[in-house]
Amino acid sequence: MSSKMQSSSSIAQARRTVQQLRIEASIERIKVSKASADLMRYCGEHAKNDPLLMGIPASENPFKDKKPCTVL
Amino acid sequence: MACQGLQSGETLASLKKESDSLKKKLEEERGKLNDIELHQVAEKVEMLGALSIKTKRLLKGHGNKVLCMDWCKDKRRLVSSSQDGKVIVWDAFTLNKEHGVTLPCTWVMACAYAPSGCAVACGGLDNKCSVFPLSLDKNENLSAKKKAVAMHTNYVSGCTFTNSDMQLLTSSGDGTCALWDVESGQLLQSFHGHTADVLSLDLAPSETGNTFVSGGSDKKANVWDMRSGQNIQSFESHESDINCVKYYPSGDAFASASDDSTCRFYDLRADREVAVYQKDSVIFGASTVDFSLSGRLLFAGYNDYTINVWDVLKGTRVSVLFGHENRVSRVRVSPDGTALCSASWDNTLRIWA
């Protein structure tokens, strides 16, 4: 029987793969429509506090230059 | 697992058959829930206006390629590491270099700031990750206080402290990730599952519990339970090495950057890829990604020296940031979201705001 010839390490590896796939196959999933809605909601709720998205006045951003411009 | 040999009726062939049928089942289950695409749902969201993001600071001082950087929680300091073995701590407001250490190895690929702001961790080709306390005394020799915490059997590609200065999580070219106790150097948990070099890792935002995501040369992104060491979820849709992984701020999703020139977005609860950020004109590998504070923008650094800014929801490119004169190796948004820092093979770092 060919099974007796198989090295125990390939068996162990195959068993680990099957075990891993069983775990992954059994998790609870939600629909993409629901997941997308939640992602959009998070973005919407936090958008106004996102300086790189909204842009904030130079006076409030420590990295923006506060030097006043002189128009000659 | 104490099993030796075969269970009755079990052969290598039968295990392979079961594994193939499980993979098929996994695909079917994921497919059933793919009722609409993210960018279609996002059609009703307003389009973004033009962004006014420009270089505000140029950090010069490294003598060779800058490979990694990390912000301090104080939103102004950052640590960077380079191919020449140097690790520098900067005050990004004033451009002052506050600390400098030289490691005995080249290619310091990973560096991280401790949550307290009192220490930094770094590692690379020395196969270790070491922690240095940051002294207020400028004359103190930091190298003397170095403590080697992580020991891998190949290069260290990424490191991050967990929620305290006490634990360090590392990723390595040896194909594993590991959790270490900083004080004793003890290995607390190791994470096996990748079949090639692990190139990046990111810790889930603290509200979402004890998980982290890793990406590697096996093109897989794996999500892990930190306590059990278990690989909970796995994603394989990239066509080449995954160079960087980063969680979306809510913790429900993560993005990846790959040598296949795309960045991708995976939702953990839907258990699938929900967006691909790509363009025909973008043909160079992406090495790094990070989200803006709200998660609406994805900043991605590429080997063509640019940073592309993507609309996460709509999947379109919003802006391109030019300035670096060589590959962009790392991008990180500051803790309060006011600025983006980029590190490059052109030996500099830039602060964009």
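How far apart do the end C-alpha atoms of residues 235-276 of chain B lie, and how much of the span is helix and how much strand? Keep that question in mind; the legends below start with its answer.

**View 1. A span of chain B, residues 235-276, seen from end to end.** In this predicted model, the end C-alpha atoms of the span lie 13 Å apart. Strand makes up 55% of these residues, and helix makes up 0%. UniProt, in an unreviewed entry, gives residues 235-276 of chain B the feature "repeat: WD". The record places that feature at other spans of chain B too, including 59-91, 149-190 and 191-234.

**View 2. Another span with the WD label, residues 321-353 of chain B.** Here the end C-alpha atoms are 11 Å apart. The chain is 52% strand and 0% helix over this span. Look inside it for B:G323, which sits in the loop between β25 (317-321) and β26 (328-333) of chain B. Is B:G323 buried or exposed, or something in between? B:G323 counts as partly exposed, because its relative accessibility is 25% and the partly exposed class runs between 20% and 50%. Now find B:R350: 27 residues separate B:G323 from B:R350 in sequence, yet their C-alpha atoms are 8.5 Å apart in space.

**View 3. The span of chain B listed as a coiled-coil region, residues 12-39.** The label "coiled-coil region" comes from an unreviewed UniProt entry. What does the model show for these residues? Helix accounts for 82% of the span and strand for 0%. From one end C-alpha atom to the other, the distance is 43 Å.

**View 4. Two residues of chain B with positive phi, B:L95 and B:K219.** A little background helps here: most residues other than glycine have a negative phi. B:L95 has a phi near 70 degrees, a positive value, and is not a glycine. Its place is the loop between β4 (86-91) and β5 (96-102) of chain B. With a relative accessible area of 32%, B:L95 is partly exposed. B:K219, also not a glycine, has a positive phi of about 70 degrees. You will find B:K219 in the loop between β15 (211-216) and β16 of chain B. The relative accessible area of B:K219 is 34%, so this residue is partly exposed.

**View 5. The second largest pocket, lined by parts of chain A and chain B.** This pocket holds about 1,100 Å³ of space. Its lining has 34 residues, and the closest to the pocket centre are A:Q20, A:E24, B:K220, B:N231 and B:S234. Which element gives the largest share of the lining? That is α1(A), with 8 residues. Elements of chain B that each supply at least two residues include α1 (12-32), β13 (187-191) and β16 (221-225). Two others from chain B, β17 (231-235) and β21 (272-277), also each supply at least two. Sorted by class, the lining has 17 polar, 10 charged and 7 nonpolar residues.

**View 6. Chain A, a chain with 3 helices and 0 strands.** Following the sequence, you meet the pattern α-α-α. Chain A has 72 residues, and 36% of them are buried. About 4,800 Å² of chain A is exposed, with carbon and sulfur atoms supplying 56% of that area.

**View 7. How confident the predictor is in each chain.** Chain B averages a pLDDT of 94, and 96% of its residues score at least 70. For chain A the mean pLDDT is 83, with 81% of residues at 70 or more. Which elements of chain A have the lowest and the highest mean pLDDT? The lowest, 87, belongs to α1(A), and the highest, 97, to helix α2 (residues 32-46). A word of care: where pLDDT is low, the predicted coordinates should not be read in detail. The model scores ipTM 0.91 and pTM 0.93.

Key: Residues numbered from 1 in each chain as written. Chains lettered and ligands numbered in written order. Predicted model: local features only at pLDDT ≥ 70, side-chain atom pairs only at ≥ 80, totals over all residues. Heavy atoms only, no water. 1 Å grid on protein atoms, 1.4 Å probe; cavity = no way out; pocket = protein on both sides within 12 Å on 5 of 7 lines; lining within 4 Å. Points joined across faces, edges and corners; volume = space filled by probe spheres on them. Helix = DSSP H or I, 4+ residues; strand = E, 2+ residues; numbered from the N terminus. Nonpolar A, V, L, I, M, F, W, Y, C, P; charged D, E, K, R; others polar. pLDDT = per-residue confidence, 0-100. Buried < 20%, exposed > 50% of the residue type's maximum accessible area, 1.4 Å probe, protein only. Areas by Shrake-Rupley, 256 points an atom, 1.4 Å probe, with all protein chains shown as cover. UniProt positions renumbered as here; feature names shortened; annotations may be inferred.
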